[in-house]
Amino acid sequence: MNSTLHAFQFGTFRIMVISDGVFPVSKDFFFADTPEHIIHHIPSDFLAPLNFLLIDTGDKNILVDAGFGKTHLPTAGKLLNHLETQGIYPEDIHTVIITHGHMDHIGGLSNKGKPTFPNAEYIMRREEYDLWKSNPQSKEYKKLIPLKDNMTLITSDMEIIPGIHLVHTPGHTVGHLSLSVSSGGNHLLVASDILNDPTTLHHLPSHISVEMSPKQGLETRRSFLQEALDKSALLFVCHYPFPGLGHIAKEDLRWKWIPIT
Ligand SMILES: [Zn+2]
């Protein structure tokens, strides 16, 4: 499997996982509230994957988050280049779903005060936008300001086009969004950042240290995984090993990750 792009047909949709690269993280950052015996094999510093989704519905290109964008990190910010190798340019993106306001997801949304995707509608939860707006000097809010004329702020779960639902999954951040995608009898659940690494699936309190409400995050993880199991859904997780796609199983009351091959 190519480690930067992975495309597949999903009912009537064409879905592509695009790597933005990897970014350096510490074990403490990525695995808060995690017993050492589960993660003893993980080095104190490592490179975490950055996977994002493009859904081509046939008449719309829907991008889910935009990666780091232009950054000082030499290993990240590669999403646009990877899209261009497929003949997809920023002006071809019709909708951008913003799952939450961390820089690894929104850095690529604007550059020098201009939206990266000039023809796109940007959709995020209102409380997520307000969170970053409440700190107007934050680098996150500065990334979002240029999008404000094309921003749709939602306050309830909704179906943006037939088969693509946006679902509020708070915990990692207050307005974290997941996607529930259905087409041709197939189900895909997009976790974005409510899961950190397959290693911790049997210890769900584990979370990325910047998670805003680990208690709410834990509830969200439990119900999200149960839904994935109940629907036999394909799961997509941003920071799981590329391409971040797989299924969930439960064995002896323990969640298990079965990556696609
Ligand atoms: Zn992230």
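**Figure 1. The whole chain, with 7 helices and 16 strands.** The model is predicted. Its C-alpha atoms fill a box of roughly 50 × 45 × 35 Å along the principal axes. A compact globule of 261 residues would have a radius of gyration near 18 Å, and the chain, with 17 Å, agrees with this. Of the 261 residues, 42% are buried. Take the contacts between residues at least 6 apart in sequence: 68% of them join residues at least 24 apart.

**Figure 2. An open sheet of 7 strands.** The strand order is β1-β2-β3-β4-β5-β8-β9. Pairing in this sheet is mixed. Two strands form the edges, β1 (5-10) and β9 (151-154), and each of them pairs on one side only. On average, neighbouring strands are turned by 25° against each other, direction ignored.

**Figure 3. Close-up of strands β5 and β8, a parallel pair.** Strand β5 spans residues 95-97. Its pairing with β8 comprises 3 bridges. Within this pair, Thr95 stands opposite Glu121 of β8. In the strand order of the sheet, β8 follows β5 and precedes β9.

**Figure 4. Close-up of strands β8 and β9, at one end of the sheet order.** Strand β8 covers residues 121-125 and runs parallel to β9. The two are joined by 4 bridges. Tyr122 has Met151 of β9 as its bridge partner. Arg125 stands opposite Ile154, also in β9. Strand β9 is an edge strand of the sheet.

**Figure 5. Close-up of helix α5 packed on the sheet.** Helix α5 is formed by residues 126-133. The strands it touches are β8 and β9. How is the helix directed relative to β8? The direction of α5 makes about 85° with that of β8.

**Figure 6. Close-up of the largest nonpolar core, a set of 58 residues.** In soluble globular proteins, nonpolar side chains tend to be buried together. Which residues have the most contacts inside this core? They are Leu53, Val96, Ala191 and Leu235. Val96 lies within the residue range 95-97 of strand β5.

**Figure 7. Close-up of Ala191 and the residues it touches.** Residues up to four places away in sequence are not counted here. Ala191 touches Ser178, Phe224, Leu235, Phe236 and Val237. One of these, Leu235, is listed with Ala191 among the residues with the most contacts inside the largest nonpolar core.

Note on methods. Residues are numbered from 1 along each chain as its sequence is written. This is a predicted model: local features need pLDDT of at least 70, side-chain atom pairs count only at pLDDT 80 or more; totals for chains, interfaces and linings use all residues. Two strands pair if DSSP finds at least two bridges between them. Axes are lines fitted to C-alpha atoms, for helices over the stretch in contact, and angles run from 0 to 180 degrees between N-to-C directions. Two residues are in contact if their C-beta atoms, placed from the backbone, lie within 7 Å. A nonpolar core is a set of buried Ala, Val, Leu, Ile, Met, Phe, Trp, Tyr and Cys residues joined through C-beta atoms within 7 Å. A residue is buried if 20 or more other C-beta atoms lie within 10 Å of its own, exposed if 12 or fewer, and partly exposed in between; C-beta atoms are placed from the backbone. The radius of gyration is taken over C-alpha atoms; the globule rule is 2.2 Å times the number of residues to the power 0.38.
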